[in-house]
Structure formats: structure tokens, C-alpha cells
Amino acid sequence: MFEPMLIGGAAHFDWAEPDGVLATYVSQMDRLSEAVDPGVPLGLSVGGLLVSGELIPQWQWFAEVSELNDHEDAFYVGTAEHVKEQSDLAHAAIRSRDIGDEVTQRQYAALMAPTRYIHLRNARIHYPGTQPSKGRLWRGRLSEISGWTPGASI
């Protein structure tokens with residue numbers, strides 16, 4: 001969350017940090033071990049534009065990107081597998097913690113990794129005065145999102 005810092009006697013906020021609520025929401029989605037279909041509908045304000053789509057886990061986004069153009073792209077398949085492994089490790093850390101078992105170093109590292117990106121499926125970018133773009137896979141930096149709304153948007 002935003003913690004004010006005192007600079008020259010005045011409170012200063014670090015607005016470069018992503019919204020803590022949205023970051024928590026996205027990190028919980030990223031820890032899911034099963035594919036999500038449909039994803040969770042969101043509307044985002046990014047650079048003055050509205051981006052709407054379905055929130056999906058990061059590993060699922062990479063897996064779906066790997067299947068674009070009717071073939072699997074080895075780079076994205078490998079990235080999806082790595083990100084899915086990290087998701088599984090974080091999920092295992094939560095399960096271990098909840099039942100009182102010891103959490104491994106790898107599980108802890110995966111659990112504590114910061115969430116920096118948000119991943120949407122069927123994303124539409126709404127430019128002023130034009131029809132929204134065709135739905136596609138979209139990845140954006142959480143710190144660039146200035147506002148958001150849950151649920152279906154325009």
C-alpha cells in the first residue's frame with residue numbers, strides 16, 4: 001500500500017507504485033493452478049485509454065500466446081512452463097503454510113516474487129472516437145494503470 005514519506009516536512013506519496021488492491025487481486029489470480037475460462041472481466045485506465053478484457057493467470061497468458069498462429073512457439077511454451085512452475089511453487093507454499101509444514105526456499109521465493117504485470121485475454125483497447133480494437137491477448141505493467149473497475153466494461 002502507499003506509505004507517505006516525509007520530505008522537507010511534507011508528506012510525499014510514491015505514485016509509481018501500483019494500486020495495492022489491484023496488485024493483490026492480480027497476484028492471487030497468478031497463483032491459480034488451473035486455467036481460467038472465462039477470465040475475470042476488468043476495465044483499466046492506461047495512459048488515458050480504456051483497456052477492457054478478462055484477467056487470466058500469467059502462466060495461462062504465455063501458454064495462450066504460444067498457440068497463436070496455429071503453432072506452438074518454443075520461447076513462449078518454455079516461458080509458460082517456467083511461470084507455471086513458479087505459480088505451482090507459490091501455491092504449494094500456501095498449502096504447506098496452512099497445514100503447518102515447512103516451506104522450502106524455492107517455494108518461499110516464488111511466493112514472495114512481486115507481481116509487476118497484468119494479463120488479459122480478449123482485451124479491447126478503446127481509442128477516443130473509434131470502435132474498440134479486436135479482442136487480443138494483452139500484457140501491461142501494473143504501475144502504469146491509473147484506474148480500474150471490476151466487471152464487464154464497455
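A residue counts as buried when its relative accessible area is under 20%, as exposed when it is over 50%, and as partly exposed in between (1.4 Å probe, protein chains only). This is a predicted model, in which local features need pLDDT of at least 70, side-chain atom pairs count only at pLDDT 80 or more, and totals for chains, interfaces and linings use all residues. Residues are numbered from 1 along each chain as its sequence is written, and side-chain values use heavy atoms, leaving out hydrogens and water.

**Figure 1. Meet the whole chain, with its 4 helices and 7 strands.** Helices (H or I, at least four residues) and strands (E, at least two) are DSSP runs, numbered from the N terminus. Follow the sequence and you will read β-β-α-β-β-α-α-α-β-β-β. Of the 154 residues, 36% are buried. Take the contacts (heavy atoms within 4.5 Å) with a separation of 6 or more: 60% of them join residues 24 or more positions apart.

**Figure 2. Y25 and W148 make a stacked aromatic pair.** Rings of Phe, Tyr and Trp (its six-membered ring) pair if their centres lie within 6.5 Å; planes under 30 degrees apart are stacked, over 60 edge-to-face, and the rest tilted. By this rule there are 2 aromatic pairs. In this one, the centres are 6.1 Å apart, with 25° between the planes. Y25 belongs to helix α1 (residues 20-30) and W148 to strand β7 (residues 145-150), so the pair links parts of the chain 123 residues apart. Y25 is partly exposed at 34% relative accessible area, and W148 is partly exposed at 28%.

**Figure 3. W61 and F62 meet edge-to-face.** Here the rings lie 5.0 Å centre to centre, with 90° between their planes. Are these two residues buried or exposed? Both W61 and F62 are buried.

**Figure 4. Two charged ends sit over rings.** A charge sits over a ring if NZ of Lys or CZ of Arg is within 6 Å of the ring centre and within 35 degrees of the ring normal. K84 has its charged end 4.9 Å from the centre of the W59 ring. For R139, the partner is the ring of Y117, with 3.9 Å to the centre.

**Figure 5. Helix α3 covers residues 74-99.** Its 26 residues reach 37 Å from first C-alpha to last, close to the expected 38 Å (1.5 Å times one less than the number of residues). Buried residues of α3 include V77, A80, V83, K84 and S87. The buried residues of this helix pack against α1, α2 (58-66) and α4 (105-112). Just after α3, G100 takes a positive phi of about 85°.
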